[in-house]
Amino acid sequence: MYMKLVETISVGLVLLAAAPLWSQDEQRPVPVPAATGPVSDVSSNEDADRMQTPPPVSGQSYPTSFTSGERSNYLRGGLAFTSAYTDNAVGPVNGVPVSDVSYSVAPFLTLDETTPRLHLGLTYAPGFTFYQRESNLNEADQNASINLQYRLSPHVTFSARDSFQKSSSVFNQPDLASAVAVSGSTQEGNFSVIAPIADRLSNSANVGITYQFAASSMVGAGGTLTNLHYPNQTEVTGLYDSSSQGGLAFYSVRISKINYFGATYQYQRLASYPAPATNETQTNALLLFYTLAPTKRFSISVFGGPQYAEVGPQFFEIPCPLNGVPPCFAAAPTPASRSWNPAAGGSLGWQGRLSSLALSYSHLISGGGGLIGAVKMDNVSASIHQQLSRMLSASVAGGYAQNDILTATPSISSNGHTISGTASLQQQVGQHLNLQLGYTRLHEDYSTVAVLAVTPDTNREFVSISYQFSRPLGR
């Protein structure tokens, strides 16, 4: 357990050291073009012939800001005060969820720097939360992220992203509606299984490099890594630490000015860590993808192909015998297995002057995200932002995820689904003050996961007031 904790923290520190300065989602994404991720932000007007990296292989999330609100080469910071009412603050007591009111203080600092060859986004947002009645839940949070793109030569671009979160409540992150990341990637972590109140460390990172070796041809490679760790296992009965590592290589051709077609090979190692041993699954996939990108602010992508899974021996929980202490596991693991599975998905990203929209769907084999093994995941996510007036804006974000354990039987299945959503209104008051009202709804149906089965629903209403400042860099 200690070694997995060290691994979780060290991954973030390695990427921190690799950048001049230093996340799920993030946690606020750096503004980037819809078709490519941030790579094109380092492009100048004279580079109109540079190919874009299609979303299925870019490793980036779609932007959530409006083009009218985008600014680069700025240092931003501030302080947010949030009060929230949660109807499921501490889980069940005598079978009934217990509600509470919380108060949070969250400073934040963001650096956004752009040069002809570099785009760098850094965000750090610690937080401190205090509960009105359940003072034992008082906590300190850490949210940090880095997003880097660097053009090594006119035709070679390197990118890296890392996000880290330490928290005991998934709701305690700045601007919750904007924290929902929508990605068109064929390879992403599974963070859909949510223990609302539990200490957790999560880390998600990817690196990539692209080389445009001809006017309309590009190759690239990349790697991804995710870690999820629960320091106190007694808070999350039925959930487990997990990790994933993956790599990909792709070829993309621009068949016209706005049409991209390509193929990618991908590998994943997915692991969860129940007490007896490690449940491991390895996948290999060969996928075709197509992207229509009429502008740098709008794109539609689809992908599909076969995915081959090699599932090692799997340990599963079983009902405990009389006087047994949970969790209890089967005496012998299920045998190893192999299978072919379809993989497919699609995404859309649009970024207007006063609006932004991102949608995605994927059907893939993914890590369990806290469940006892790898899953067949159907995931839908969406994010909509609208500037209603000069000083008023609205955001809606949410998702649905169905997680089916690859080798589960009906008697030991952890299959289930998650539905989540957040809606908020933001009113700008003067130059520096911002008032936000919002509501979050979370529903989870995992009948064999004890910590989720007893309180499947969480509702949270919140109000936040923040002070923000911005300073131009190099002026």
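Two strands count as paired if DSSP finds at least two bridges between them. Keep that rule in mind for the strands below. The model is a predicted one.

**Overall make-up**

The protein chain has three helices and 21 strands. Of its 475 residues, 53% are buried. The chain exposes about 19900 Å². Carbon and sulfur atoms supply 63% of that exposed area.

**Paired strands**

Start with S19 and S20. Leu425 has Leu437 in S20 as its bridge partner. Strand S19 covers residues 416–429, and strand S20 covers residues 433–445. The two run antiparallel, joined by 13 bridges. A hairpin with three residues between the strands connects S19 and S20. In this hairpin, Gly430 takes a positive phi near 75 degrees.

S19 has another partner, strand S18, which spans residues 392–405. S18 and S19 pair in the antiparallel sense over 12 bridges. Here Gly399 stands opposite Ser420 in S19.

Now move to S7, which runs over residues 139–153. Strand S5 (residues 118–124) pairs with S7 in the antiparallel sense. Strand S6 (residues 127–131) pairs with S7 in the antiparallel sense as well. So does strand S8 (residues 156–169), again antiparallel to S7. The link from S7 to S8 is a hairpin of two residues.

The table gives the bridge count for each pairing, with one example of bridge partners.

| Strand pair | Bridges | Example partners |
|---|---|---|
| S5 and S7 | seven bridges | Leu118 and Tyr150 |
| S6 and S7 | three bridges | Phe128 and Ala140 |
| S7 and S8 | 11 bridges | Ala144 and Phe164 |

**Aromatic rings**

A pair of aromatic rings is described by the distance of the centres and the angle of the planes. The structure holds three aromatic pairs. One of them joins Tyr308 and Trp340. Their ring centres lie 4.8 Å apart, with 45 degrees between the planes. The pair is tilted, because its angle is neither under 30 degrees, as for stacked rings, nor over 60, as for edge-to-face ones.

This pair links distant parts of the chain, with the two positions 32 residues apart in numbering. Tyr308 sits in strand S14 (residues 298–311), and Trp340 sits in strand S15 (residues 337–351). Is Trp340 buried or exposed? Trp340 has a relative accessible area of 65%. Exposed means over 50%, so Trp340 is exposed.

Elsewhere, ring pairs link Tyr211, Phe213 and Tyr251 into a cluster.

**The second largest cavity**

How much space lies in the second largest cavity? It comes to about 200 Å³. The lining has 23 residues. Val57, Ser58, Gly59, Val207 and Gly208 lie nearest the centre of this cavity.

Several elements give two or more residues to the lining. They are helix H2 (55–58), S8, strand S9 (197–214), strand S10 (217–229) and strand S11 (242–254). Which element gives the most to the lining? S9 does, with five residues. S8 takes part here, and S8 also pairs with S7.

What kinds of residue form the lining? There are 15 polar and eight nonpolar residues, and no charged ones. Gly counts as polar in this tally, so Gly59 and Gly208 fall on the polar side.

Notes: Residues numbered from 1 in each chain as written. Predicted model: local features only at pLDDT ≥ 70, side-chain atom pairs only at ≥ 80, totals over all residues. Heavy atoms only, no water. Helix = DSSP H or I, 4+ residues; strand = E, 2+ residues; numbered from the N terminus. Phe/Tyr/Trp six-rings, centres within 6.5 Å; stacked < 30°, edge-to-face > 60°. Buried < 20%, exposed > 50% of the residue type's maximum accessible area, 1.4 Å probe, protein only. Areas by Shrake-Rupley, 256 points an atom, 1.4 Å probe, with all protein chains shown as cover. 1 Å grid on protein atoms, 1.4 Å probe; cavity = no way out; pocket = protein on both sides within 12 Å on 5 of 7 lines; lining within 4 Å. Points joined across faces, edges and corners; volume = space filled by probe spheres on them.
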